[in-house]
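Here is a short round of questions and answers on one protein chain. Keep the structure open while you read.

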Amino acid sequence: MADFAVWAPTPEVVRLDVDGVAYPMSPTGGGWWRTALEVAPDARYGFLLDDDPQVLPDPRSARQPDGVHARSALWDDTGLTWTDQDWAGRRVDGAVIYELHVGTFTPGGTFDSAIEKLDHLVGLGVDFVELMPVNAFSGAHGWGYDGLLWYAVHEPYGGPDGLARFIDACHGRGLGVLIDAVFNHLGPSGNYLPRLGPYQSQTRNPWGSAINIDGADSDEVRRYIIDCALRWMRVFHADGLRLDAVHALVDTTAIHILEELAAETDALAAQLGRPLSLVAESDRNDPRTVAGRADGGYGIHAQWDDDVHHAIHTAVSGERQGYYADFGSLAALVTTLRNGFFHAATYSSFRHRRHGRPVPKSQIPATRLVAYTCTHDQIGNRALGDRPSQNLTSGQLAVKAALALLSPYTAMLFMGEEWGALTPFQFFSSHEDPQVARATAEGRKAEFADHGWDADDIPDPQDPQTFQRSTLDWAELEAPHHAQLLGVYRALVGLRRETGTDGSWLAPGEIGYDEDRRWIAMRRGPVLLICNLSDAEVSVPVRGEPVLAWGSPQTVADATVLPGHSFVVLRPEGESSRRL
């Protein structure tokens with residue numbers, strides 16, 4: 001006997017369709033409709049609303065074998081085989097996270113083919129794999145952020161069974177798993193939720209109608225979100241979630257949905273006996289996102305810090321366009337490495353207003369912020385989807401890696417970054433609706449044409465070649481210069497683990513720089529990182545025993561000489577090196 005239920009307060013009549021046969025459903029209060037039926041284990045089903053002949057998929061569907069517009073399929077998680085009974089979990093604080101897109105991580109583009117590369121991640125030394133969205137979306141290929149059925153696992157990746165196999169394989173290798181969850185909007189094609197009830201609000205965000213989390217009848221919508229979030233962790237054994245663009249979750253209620261979700265996540269962690277972590281993407285530079293609930297915050301366990309990315313990238317690359325305009329100086333880099341946010345109640349020329357809020361360091365550990373030099377956004381939202389490795393020298397890439405991985409923050413890498421992959425990561429989609437497909441392609445070209453790019457140079461998101469170009473080329477690892485960079489990444493991750501990450505912030509005397517000569521030095525426990533961001537040789541008045549280096553640094557008298565675009569990690573000598 002299978003139980004079927006759907007929250008659909010808008011229609012007057014709801015029927016269950018199973019393999020083309022309609023059955024009545026009963027209203028059970030609060031907008032819910034239910035029925036129980038003997039059906040085949042692999043039955044395809046959906047819902048009929050009033051007199052409309054279109055069969056709609058289940059909003060809480062676990063499987064969509066034939067795509068997001070077709071009937072849902074029953075799926076029983078009790079049939080999963082788990083071998084991770086000894087997995088005690090791990091906290092995200094201070095970890096090294098590895099973000100990947102299942103469809104382009106390997107040529108196979110599935111969970112099972114991704115499992116074949118997990119030993120590479122173990123050898124790299126990362127702690128967590130962060131999967132870009134794996135919820136069901138329109139078409140075979142896409143980033144996943146235009147999700148339509150949040151509970152279902154994208155079938156071309158391997159569906160729910162494939163995801164379970166992947167997470168089990170990660171746990172068997174000591175890797176935690178975070179899943180990117182998008183609760184701030186729905187995809188443009190195949191969104192049937194408005195026919196069922198007030199799942200969306202009149203408020204709009206950059207991607208369309210916002211989700212109704214604070215209006216009339218929003219309690220069930222909030223439950224829809226929170227149940228989905230907890231399900232990834234309870235049913236699929238995920239170790240946490242990355243929450244997309246939480247600044248777009250418009251919530252005017254006294255208990256913000258992030259606070260509610262964090263509290264229920266902590267309760268589930270206590271029930272399961274293992275840590276669970278929520279990592280937010282937020283554009284607000286508001287430390288209340290990660291402040292404890294007792295301190296008036298939401299209690300989210302960590303958040304992405306774009307200011308760190310901007311400060312490192314601009315200082316190394318020299319780029320200054322768009323939102324990079326306020327960054328680029330070593331002073332900005334030092335401020336960000338010390339304080340977490342560069343914009344902290346300070347004027348942002350890109351936004352033409354004051355932005356952000358200072359982090360109360362006595363309440364919030366540095367490891368609540370996530371530092372990185374590459375993400376899917378910072379690469380894929382460039383006009384050509386070009387990686388830093390396509391524009392910078394290997395020395396510049398190594399310097400960026402050293403600054404991020406030896407910072408006091410939780411660290412994150414983006415797939416292929418560790419060997420300087422030369423494949424781009426472009427924006428791609430495969431919308432089945434021709435009108436949506438055309439609008440996506442034209443909108444992409446228009447957006448970048450407004451910023452001075454030739455529209456003919458912008459890759460068409462719907463062109464299958466755009467997706468194929470974005471797939472990692474693992475054969476690159478056979479080239480010596482790629483292997484050399486990978487070796488440095490491994491050494492930096494190992495050094496980070498050796499020196500520890502306890503959440504403490506950099507003290508003023510633990511970081512110094514010379515703006516004119518373009519060097520920066522940063523202490524991390526017993527070692528000192530010195531980076532030369534210029535292309536000229538520089539002499540830094542510190543000496544010590546080299547632990548790790550890119551380039552050929554030399555000790556001369558009481559100084560260390562670094563060639564252009566290089567770094568060295570020293571165990572410093574003498575009292576003079578204790579303050580910078």
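Q: How many disulfides does the count come to?
A: This is a predicted model. A disulfide here needs a pair of cysteine sulfur atoms within 2.5 Å. By this rule, the count is zero.

Q: Which cysteine sulfur is nearest to that of Cys 228, and how far away is that sulfur?
A: Cys 228 is in no disulfide. Cys 228 counts as buried, at 1% relative accessibility. Its nearest cysteine sulfur belongs to Cys 170, at a distance of 19 Å.

Q: Is Cys 374 buried or exposed?
A: Cys 374 is also in no disulfide: the nearest cysteine sulfur, from Cys 531, is 16 Å away. Buried means under 20% relative accessible area. Cys 374 has a relative accessible area of 6%, so Cys 374 is buried.

Q: What is the strand order in the open sheet of three strands?
A: The pairing in this sheet is antiparallel. Six bridges join E1 to strand E5 (residues 32-37). Within that pair, Ala 2 stands opposite Leu 37. The order is E1-E5-E4.

Q: Why is one side of strand E1 and of strand E4 left without a neighbour in the sheet?
A: The open sheet has the order E1-E5-E4. E1 (2-7) and E4 (26-29) therefore stand at the edges, and each has a single partner strand.

Q: By what angle are neighbouring strands of this sheet turned against each other on average?
A: The sheet has three strands, in the order E1-E5-E4. With direction ignored, the average turn between neighbours is 35°.

Q: Which residues does Leu 268 touch, not counting those up to four places away in sequence?
A: Leu 268 sits in helix H7 (residues 257-272). Its relative accessible area is 2%, so Leu 268 is buried. Arg 234 lies 34 residues apart from Leu 268 in sequence, yet 7.9 Å apart in space, C-alpha to C-alpha. The residues touched are Leu 230, Met 233, Arg 234 and Leu 276.

Q: What covers the buried residues of helix H9?
A: Helix H9 spans residues 330-339, and its buried residues are Leu 330, Ala 332, Leu 333, Val 334, Thr 336 and Leu 337. Both helices and strands contribute to the cover. It includes helix H8 (306-317), helix H11 (394-405), strand E22 (511-514) and strand E23 (519-524).

Q: Which residue follows H9, and what is the sign of its phi?
A: H9 covers residues 330-339. Next comes Gly 340, with a phi near 90°, which is positive.

How values were computed
Residues numbered from 1 in each chain as written. Predicted model: local features only at pLDDT ≥ 70, side-chain atom pairs only at ≥ 80, totals over all residues. Heavy atoms only, no water. Pairing = 2+ DSSP bridges. Helix = DSSP H or I, 4+ residues; strand = E, 2+ residues; numbered from the N terminus. Axes fitted to C-alpha atoms, helices over the stretch in contact; angles between N-to-C directions. Buried < 20%, exposed > 50% of the residue type's maximum accessible area, 1.4 Å probe, protein only. Contact = heavy atoms within 4.5 Å.
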